[in-house]
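Work through these exercises on charged side-chain pairs. Keep the sequence and the structure in view as you go.

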Amino acid sequence: MAGKKTIIPSIVFVMTVCFLISSMAFAEGSQQNDNEYAPGFYYTVQKGDTLWGLSKKFYGSEWEWPAMWGQNEQLTNPHELRPGQKIRLHQRTEAIVGPEGDEAEGLEPESSRPEGPPVVATAGDIGSASLTKPVYFLYPGIAFIDFIKKLPPPTGMIKKVLNDPLAAGTIIKAVGSKKTMISQNDTIYIKSITGDYVIGELFSVYKPLIKIKDPDTDEYVGYQYRIIATAEVTSVEPQYVMAKITKALDTISSECLVMPQEKRSKEIPIVPSPEGLSGKVLLAQDHIKMSSDYTIVFLNKGKKDGVKIGQRYEVYHQDSYERNKQKINLAESVYGKLLVLVTENTTSTAIVTKSTEPIRKGALFRSVL
C-alpha cells in the first residue's frame, strides 16, 4: 500500500508536467498562428469584447460567431478573447457597426472561392471616427509594392543616377564573389551618392523599370519603380558602403540602385475616399493586359488629388449611345473594387480586391458612392 501511495502522486506529477509542457507548446503554436496573417480585413480585440458580441456588431447576428471562430485558428477558446488579438472578418455581412453604434457598409457576400483573403467592402466608411480600433486591411508584402513617381525620364545609367533624387547609391558587386547576379544573404558593396549611411539602417534595392504614359493622351506620367530587395548596412567606409541582402524577391545586378527604405505599415486602416474623385487605371504592376482579383494596379491620381492610403474606390463602366448626333450616357455599372496601398504626389498604387470582369488599362474608377 505504501508503494502505491508513492506511485500515484508520481503518476499525477508526471501527468501534470506533461500537461504543462503540451499546454506551453500549444500556446506557443497559437501565438505563432496569431502572428501569421494572410492579406485581408482584421479587427483588434478590445477589453470586454466577446465573439458573440463581435458577431452581432459586424454581422448583425450573434449566430455568426461559429463562422468567425472557424476562420480564426488562433482563437483556441471562443469564449475567451484577449485584448490585442487580431480577428479576421469573413465575407458574409452587408453591414458593419462600429463600437459606438455607427453603421458602415461592410464586406461583400462570400464568393465561391474556397480560400483567399476577404474582399474589400463596397461603399462606406469602415474607418469611421467613432471606431477606436478601426477595421484594417493587412498586406504583409507592402514593403515590395511598386510605385510610379514623376521624374525626368533617364536616358542612360549615368543620367539615371543623376536625375533620380531617390537614389542613395549604386551596387558595385557582391563581396568575395565573381558572380554577376546577387541574391539573398549576399553581402554587397555600394557606391554612395548621398553619403548618408548608418550601420543597421535598412535600404531598398530597386530599379526604375519603364516610362509610363497616360493610356489615352500618351502624356508622360512617371517612371515605374520596382523594389526587389532589402539591404541592411553592415559597414561604412570612406570609399564605399557594405550591406547584407536580408530579403530578395528577384536577382540583383550591379545596375540596381538603393534608396532609404520607406516605412510602410502592413496594417492599413480603412479611411473614406474624397467625394467626387475619379480617374483612370494606368496599368497593372506586372504589365498584364487584364487585371483580376488581388492584382496590383497603378492609378493616375495621387496625394495632390486627395488620395490617401486605405481609401477604397470602385471601377465602373460608363456606357453611352448616340442619338441625333448627340452622345447620351447610360447608367453606370460597377465591376471592380480597389484599395489604395501606396501614394505618390500624382499617382498611387492599389490592389484589386474584387472584380466581376477583367480590369483593363484605362479603366475608369471613382470614389465609393
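**Exercises: salt bridges**

Lysine 149 counts as partly exposed, because its relative accessibility is 24%. Note that the model is predicted.

**Exercise 1.** Find the partner of lysine 149 in a salt bridge and place both residues.

*Solution.* Step one: the side chain of lysine 149 meets that of glutamate 344, at 2.8 Å from N to O. Step two: lysine 149 sits in strand β6 (residues 147–149), while glutamate 344 is in the loop between β18 (326–343) and β19 (348–355). The two residues are 195 residues apart, so the pair links distant parts of the chain. Step three: glutamate 344 has a relative accessible area of 9%, so this residue is buried.

**Exercise 2.** Classify lysine 86 and glutamate 267 as buried, partly exposed or exposed, then say what their pairing ties together.

*Solution.* Start with the contact: the two side chains, lysine 86 and glutamate 267, form a salt bridge of 3.7 Å, N to O. Lysine 86 belongs to strand β2 (residues 86–88) and glutamate 267 to strand β13 (residues 267–269), so the pair ties together parts 181 residues apart in sequence. Now apply the cut-off: buried means under 20% relative accessible area. Lysine 86, at 15%, is therefore buried. Glutamate 267, at 32%, counts as partly exposed.

**Exercise 3.** Is aspartate 286 buried or exposed, and which residue does its side chain meet in a salt bridge?

*Solution.* Aspartate 286 has 53% relative accessibility, so this residue counts as exposed. Its side chain meets that of arginine 226 at 3.1 Å, N to O.

**Exercise 4.** How many salt bridges does the structure hold?

*Solution.* The structure holds 12.

Notes:
Residues are numbered from 1 along each chain as its sequence is written. This is a predicted model: local features need pLDDT of at least 70, side-chain atom pairs count only at pLDDT 80 or more; totals for chains, interfaces and linings use all residues. Side-chain values use heavy atoms; hydrogens and water are left out. A salt bridge is a side-chain nitrogen of Lys or Arg within 4 Å of a carboxyl oxygen of Asp or Glu. Helices (H or I, at least four residues) and strands (E, at least two) are DSSP runs, numbered from the N terminus. Buried means under 20% relative accessible area, exposed over 50%, partly exposed in between (1.4 Å probe, protein chains only).
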